[in-house]
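Welcome, and please open your viewer. We will go from stop to stop, selecting a few residues each time and looking at what is there.

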Amino acid sequence: MTSLTASEITPLAAPPLPKGRPNLVLAGFMGTGKSTVGRLAAHELGLPFLDLDDAIVRQSGRSVAQIFADDGEASFRALERAALLDAAQLSGTVVATGGGAPLDVNAFAPLAASGAVIVLAAAPEELARRLAGGRGRPLLGEGDIRARIATLLESRASAYDGVGRSIDTTGRSAADVASEVVLRYREAAPDQTLALEVALRDTTTRVIVGHGALHDAAALREALPGTLRAAIVADSAVAETHAAAVAVALRAAGIEPVGPITLPAGEAAKGVDVLAWLWDRLRAEAIDPSAAIVAVGGGAALDVAGFAAATYARGLPLVNVPTTVLAMADAAVGGKVAIDHAGAKNLVGTFYPARLVIADPATCDTLPPEVLREGLAEVVKSLVLAAPTALELAAEAPLEWAVEQSLRVKAAFVSADPQDGGVRRALNLGHTFAHAVESASDHTISHGDAVAMGLVAAARLGAMLGTCPPSLAGQIVTVLQRIGLPTAAPPLDEKRLLDAMSSDKKRAGGAVRFVVPAPGGAALVAGVDPRTAIGLLRE
Ligand SMILES: NC(=O)c1ccc[n+]([C@@H]2O[C@H](COP(=O)([O-])OP(=O)(O)OC[C@H]3O[C@@H](n4cnc5c(N)ncnc54)[C@H](O)[C@@H]3O)[C@@H](O)[C@H]2O)c1
């Protein structure tokens, strides 16, 4: 790996994430069945499963035994510590921890605080039977396994006791134990809908995430107290489906739905002509300051409807109902609304946070597969920022989980930096590259595809600058490939790429800056040769 220098590296560490649905954390001695039981319980609960030992193996490209042999136990424990801290950032995830993890009290505590911990136990004789002949357990060594197990168990007993209630697995099948684990988790986490509050300037946005959220009349009533009428402004692709469901929910909330006022599909809605037409329609429907706007659609519909809500009658209460992965994971929360003008994307806009965001992943069932995939690029970005150990889950977890993680990451950054001048810039990870690719390809490469390419290039740049491990770019490539997203740019005109980067630079007022992955989040770097950076898009 060639190294590179930057004139300035500013850390943009992730602020604490808002609480999500509880994690289910499995701890216990090797051989107690954490991985098998965890996988079964995750399946039953419809949650993703993360085995931290497996994740460490994937990240380091070596088996646990090999890490012990090459670098010693302390080195493995350092990797484990980082993995535990990453897992603590997740929500609604079944996490199997390594046998020694609870011994690292400080690293285990945040994970324990993120959910319910269940310790799996078994009698030493049974463990000896289960582990006999097994390889890759460096702590068991050679010789009398049973005696070694008994000694280790004794030395760890108080650490296991300290982290959670235990289940004795002796003589029981994994399926049987998993049923009990599921029961215990459901007791600890009865409500599977997630509600977050995002404070932005003088508005607090309530975000509800979950299947069925679209029908939540109570949330609408609460967000729009005293409102009697609401104009539904919807992307034409969802006007007859999801917007119609929103109308039913509004009626159930005692609010008269007006419309839907149907926008052209996608980006075509984001022009001043459509905005002016929308103002006219609102007037024709007698929308006055006592009414609200409910925006239904992807990021484009939300942007133009939000702009109308910000400006019509000097501002109407806004509810966002995102119906694409990108809009749920990114556009719906954060308060930015904009239209395109004079050939420039998002040239005219303002900050206007919604009062309520209803993210119902079921609305994505009607999405064309490529639009769904593109949104997942933002999910990958969120995981790189908050929990790179869990990257692979972006390709396999339920959409609800993916949206939940991205929303928590977005909420944390925007509440910490509502004006977008500080730490929130971490959310631009991969985007300097992506904007250049979109522009140099005359927008024939979509935003999501360009972000995917940009994430790989940003990780390569970070590795060259020493801000992130060299293995991260490879992990990102693997997960993007599994999702079906591109990982390298096709040949594009270098001058056009450089021009696009320098017009971004003018907007940012200064040098070309890149966001790269860094410990605990990202870092903003300046003074990197843009030509070298562009080369990283092609490797
Ligand atoms: N305001 C912000 O903070 C912010 C953040 C990120 C992106 N954006 C903006 O978001 C836009 C991109 O958003 P997007 O990726 O959601 O694209 P989009 O809004 O253009 O929607 C993509 C396509 O999917 C269709 N569609 C939407 N929902 C559907 C559904 N449930 N079923 C079937 N078809 C559906 C649309 O008609 C469109 O053709 C860009 O304009 C971008 O600038 C804004």
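**Stop one: around the ligand**

Select the shell around the ligand: by class, it has nine nonpolar, nine polar and eight charged residues. Here Ala, Val, Leu, Ile, Met, Phe, Trp, Tyr, Cys and Pro count as nonpolar, Asp, Glu, Lys and Arg as charged, and the others, Gly among them, as polar.

Before going further, note that this is a predicted model, in which local features need pLDDT of at least 70 and side-chain atom pairs count only at pLDDT 80 or more, while totals for chains, interfaces and linings use all residues. Residues are numbered from 1 along each chain as its sequence is written, and side-chain values use heavy atoms, with hydrogens and water left out.

Which residues are the closest to the ligand? Of the 26 that surround the ligand (a heavy atom within 4 Å), the closest are Asp-235, Glu-267, Thr-323, Thr-324 and Thr-366.

Now show the side chains of these three residues, each with an N or O atom by an oxygen atom of the ligand:

- Asp-235, at 2.7 Å
- Lys-270, at 2.8 Å
- Lys-345, at 3.1 Å

On its own the ligand has 870 Å² of accessible area (Shrake-Rupley method, 1.4 Å probe), and the protein covers 83% of this.

**Stop two: the second largest pocket**

Next, select Ala-82, Asp-86, Ala-386, Ala-387 and Pro-388. Of the 43 residues lining the second largest pocket, these are the closest to its centre. A pocket is an open set of points on a 1 Å grid over the protein atoms alone, with protein on both sides within 12 Å along at least five of seven lines; lining residues have an atom within 4 Å of a point. About 860 Å³ of space lies in this pocket, a volume filled by probe spheres set on the points.

Colour helix α4 (73-87): α4 gives the most to this lining, with five residues. Helices are DSSP runs (H or I, at least four residues), and strands (E) have at least two. The lining divides into 25 nonpolar, 13 polar and five charged residues.

**Stop three: the backbone**

Go to Pro-260 in strand β10 (residues 256-263). The peptide bond from Gly-259 to Pro-260 is cis, with omega near 15°.

Then find Arg-314, in the loop between α12 (299-311) and β12 (318-322). Its phi is near 60°, a positive value in a residue other than glycine. Is Arg-314 buried or exposed? Arg-314 counts as exposed because its relative accessibility is 82%, and exposed means over 50%.

Technical notes: Buried < 20%, exposed > 50% of the residue type's maximum accessible area, 1.4 Å probe, protein only. Polar contact = N/O pair within 3.5 Å; in protein donor to acceptor, adjacent residues only side chain to side chain. 1 Å grid on protein atoms, 1.4 Å probe; cavity = no way out; pocket = protein on both sides within 12 Å on 5 of 7 lines; lining within 4 Å.
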